[in-house]
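What follows is a short walk through one structure and the molecules bound to it. Please keep the sequence and the model in view while reading.

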Amino acid sequence: MNLILLGPPGAGKGTQAKILTKKYDIPQISTGDILRNAVKQATPMGLKAKAFMDAGALVPDEVVVGIVSERIVEADCRNGFILDGFPRTVSQADALSAMLAANGNKIDHVISITVNKNDLLRRITGRRTCRSCGKGYHLEFDPPKTAGVCDECSGVLFQREDDCEDTMRKRLDVYEQQTAPLVEYYSNAGLLRSLPGDEAIDVIQSMIVSILKRDA
Ligand code: ADP
Ligand code: ADP
Ligand code: ZN
């Protein structure tokens with residue numbers, strides 16, 4: 001099963017992808033996580049991507065398309081994958097279809113999560129992430145048992161630098177301009193399933209699972 005989670009920053013893509021990964025035993029492919037890792041390791045790709053990410057802009061298509069084309073052919077993607085944060089432009093979506101078609105493969109479901117802007121801002125400002133295992137939390141909506149400490153691995157929680165007010169507004173504009181057209185793109189392809197994202201995490205998870213069952 002090849003799944004795309006589509007939605008603005010803060011919609012809950014990463015949160016849902018992590019739960020789905022465990023349930024279906026297929027990997028989450030987050031281009032944001034892969035890029036942040038490359039920045040941390042100061043690889044040539046990370047050095048190139050950093051300025052775009054700090055500014056809340058998209059990293060050039062050829063960089064992220066390159067990341068995904070290498071990642072989806074790895075052994076753990078044999079039974080499928082969950083794309084979280086890719087594609088973000090029509091050109092990325094076209095490139096994805098082409099690379100899958102070349103292997104006789106395709107996207108099975110595109111799940112679009114919609115959340116109003118005020119809630120997105122609250123979600124992004126309260127987002128915290130475990131530095132060791134990457135698990136996501138929210139100060140208000142999904143807090144850890146002990147403040148600042150990961151429930152699963154006792155790692156330290158941190159706030160992403162691009163989750164500050166200014167950059168976050170820029171990222172929401174970029175979503176509207178460059179990524180929102182994918183809603184129509186995948187709707188025209190007959191693949192889009194839309195969900196209201198302003199429900200609790202477990203409610204949204206059940207909605208996704210019923211869509212996947214129904215469409216299976
Ligand atoms: P969020 O979870 O808030 O939507 P991500 O972690 O997906 O954010 O992305 C963080 C940043 O990484 C983006 O603002 C962008 O600079 C870069 N990025 C991630 N995925 C892509 C992509 N598919 N195309 C271009 N840039 C990307
Ligand atoms: P995305 O990957 O789409 O940028 P995340 O999954 O990182 O979004 O979620 C953004 C923030 O909102 C995180 O702090 C997460 O804990 C929180 N969150 C995710 N889903 C919900 C939800 N349904 N209700 C309230 N908060 C949520
Ligand atoms: Zn952890």
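Which residue has a backbone N or O atom 2.9 Å from an oxygen atom of ligand 2? That residue is Gly14. Before going further, note that this is a predicted model, in which local features need pLDDT of at least 70 and side-chain atom pairs count only at pLDDT 80 or more, while totals for chains, interfaces and linings use all residues. Residues are numbered from 1 along each chain as its sequence is written, chains are lettered from A and ligands numbered from 1 in the order in which they are written, and side-chain values use heavy atoms, with hydrogens and water left out.

The contact of Gly14 belongs to the surroundings of ligand 2. A polar contact here is a pair of N or O atoms within 3.5 Å; within protein, one atom must be able to donate a hydrogen and the other to accept it, and residues adjacent in sequence count only if both atoms are side-chain atoms. The side chain of Thr15 places an N or O atom 2.5 Å from an oxygen atom of ligand 2, and a polar side-chain atom of Arg123 is 3.4 Å from a nitrogen atom of this ligand. On its own, ligand 2 has 560 Å² of accessible area, and the protein covers 91% of it; such areas come from the Shrake-Rupley method with a 1.4 Å probe, and for residues only the protein chains shown count as cover.

Ligand 2 is surrounded by 18 residues, where a residue is near a molecule or strand if one of its heavy atoms lies within 4 Å of it. The closest are Lys13, Thr15, Arg127, Tyr137 and Glu199. Helix α1 (13-24) gives the largest share of this shell, three residues. Helices (H or I, at least four residues) and strands (E, at least two) are DSSP runs, numbered from the N terminus.

The shell around ligand 1 has 19 residues, and Thr31, Arg36, Ala57, Gly85 and Arg171 come nearest. Here the largest share, four residues, is from helix α2 (residues 31-40). A backbone N or O atom of Gly85 lies 2.9 Å from a nitrogen atom of ligand 1. Two arginine side chains also take part: an N or O atom of Arg171 is 2.6 Å from an oxygen atom of the ligand, and one of Arg160 is 3.2 Å from an oxygen atom of the ligand. Ligand 1 taken alone exposes 550 Å², of which the protein buries 97%.

The next site holds a metal. The zinc ion (ligand 3) is coordinated by the SG atoms of Cys130, Cys133, Cys150 and Cys153, at 2.3 to 2.4 Å. Donors are N, O and S atoms within 2.8 Å of the metal (3.2 Å for Na, K and Ca); water is not among the atoms, so sites may look incomplete. The four donor atoms subtend angles of 96 to 115° at the zinc ion, which makes the arrangement tetrahedral, a term used for four donors if all angles lie between 85 and 135 degrees. In sequence, the donor residues follow the spacing C-x2-C-x16-C-x2-C. Cys130 in strand β5 (residues 127-130) and Cys153 in the loop between β6 (136-138) and β7 (157-158) are 23 residues apart, and the pair links distant parts of the chain. Cys130 is buried, at 2% relative accessible area, whereas Cys153 is partly exposed, at 35%; buried means under 20%, exposed over 50% and partly exposed in between (1.4 Å probe, protein chains only).

Notes: Four donors count as tetrahedral if all angles lie between 85 and 135 degrees; four count as square planar and six as octahedral if opposite donors are over 155 degrees apart and all others between 65 and 115; anything else is irregular.
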